[in-house]
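Trainee: Could we take a close look at one part of this model together? I would like to learn about the salt bridges and what surrounds them.

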Amino acid sequence: MSAPFFDTIVAGITGAPPAAVAWVRLSGPEAWSIASQVFIGWPSTPEPRIAVYGHYASGDDGLAIPFRAEHSYTGEDAVELSMHGSRASVSSVIEACLSLGARLA
């Protein structure tokens, strides 16, 4: 059995920008909390595995999909965030997550 995780990580999970669409994953104990601060439209009671449409502070829009640990790729609570695939859009979302306490994976 693996050791418990203590930090929240963030990383792009699609190819390097530019692209039409990109995805960024937050994973760890603060994933949902950080997502609620960077994704405008995060529901007060998120429903796992249900996509939500919203906006980012950078002005871009996209989807957020929350996952509970038992259904996530990483085995931890996670959020997958989509946005347009420009370098600026992806960088701004990752930087916002880093500023809220995530570390780069």
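**Salt bridges and their surroundings**

Mentor: Let's begin with Asp77 and Arg68, which form a salt bridge whose closest N and O atoms are 2.8 Å apart. Please keep in mind that this is a predicted model. Is Asp77 buried or partly exposed? Asp77 has a relative accessibility of 22%, and it counts as partly exposed because buried means under 20%. Its partner Arg68 is partly exposed too, with a relative accessible area of 32%.

How many salt bridges are there? A pair counts when a side-chain nitrogen of Lys or Arg is within 4 Å of a carboxyl oxygen of Asp or Glu, and by this rule the count comes to three.

Now look at Glu80 and Arg25, whose side chains meet in another salt bridge, at 2.9 Å from N to O. Glu80 belongs to strand E6 (residues 78–85) and Arg25 to strand E2 (residues 19–27), so this pair ties together parts that lie 55 residues apart in sequence. Both Glu80 and Arg25 are buried. That fits what you find along E6, where seven of the eight residues are buried.

Let's see what lies beside E6. E2 and E6 pair in the antiparallel sense over eight bridges, and here Trp23 has Ser82 in E6 as its bridge partner. E5 also pairs with E6 in the antiparallel sense, over four bridges. In that pairing, Pro66 is matched with Val79 in E6.

Step back and you can place these strands in the whole sheet. Seven strands make up an open sheet with mixed pairing, in the order E3-E4-E5-E6-E2-E1-E7. Its edges are strand E3 (39–40) and E7, each of which pairs on one side only. Further along, E1 and E2 run antiparallel and are joined by four bridges; there, Ile9 stands opposite Ser27 in E2. As you follow a strand, remember that in a regular strand the side chains alternate between the two faces of the sheet.

Two helices also come into this picture. Helix H1 (residues 31–38) lies across E2, E3, strand E4 (52–56), strand E5 (61–67) and E6, and runs at about 35 degrees to E6. Helix H2 (residues 87–99) lies across E1, E2, E4, E6 and E7, at about 150 degrees to E6.

For a closer look at H2, try Ser89, which is found in that helix. Ser89 counts as buried, since its relative accessibility is 13% and the limit is under 20%. Leaving aside residues up to four places away in sequence, Ser89 touches Asp60, Met83 and His84. With Asp60 there is also a polar contact, side chain to side chain, at 2.9 Å.

Which residue forms a salt bridge with Asp7? Arg103 does, and the closest N and O atoms are 2.3 Å apart. This pair links distant parts of the chain: Arg103 is in strand E7 (residues 103–104), Asp7 is in the segment before strand E1 (9–12), and the two are 96 residues apart. Arg103 is partly exposed, with a relative accessible area of 42%, and Asp7 is partly exposed at 32%. Set that beside Glu80 and Arg25, which are both buried.

Key: Residues are numbered from 1 along each chain as its sequence is written. This is a predicted model: local features need pLDDT of at least 70, side-chain atom pairs count only at pLDDT 80 or more; totals for chains, interfaces and linings use all residues. Side-chain values use heavy atoms; hydrogens and water are left out. Buried means under 20% relative accessible area, exposed over 50%, partly exposed in between (1.4 Å probe, protein chains only). Two strands pair if DSSP finds at least two bridges between them. Contact means heavy atoms within 4.5 Å. Axes are lines fitted to C-alpha atoms, for helices over the stretch in contact, and angles run from 0 to 180 degrees between N-to-C directions. A polar contact is a pair of N or O atoms within 3.5 Å; within protein, one must be able to donate a hydrogen and the other to accept it, and residues adjacent in sequence count only if both atoms are side-chain atoms.
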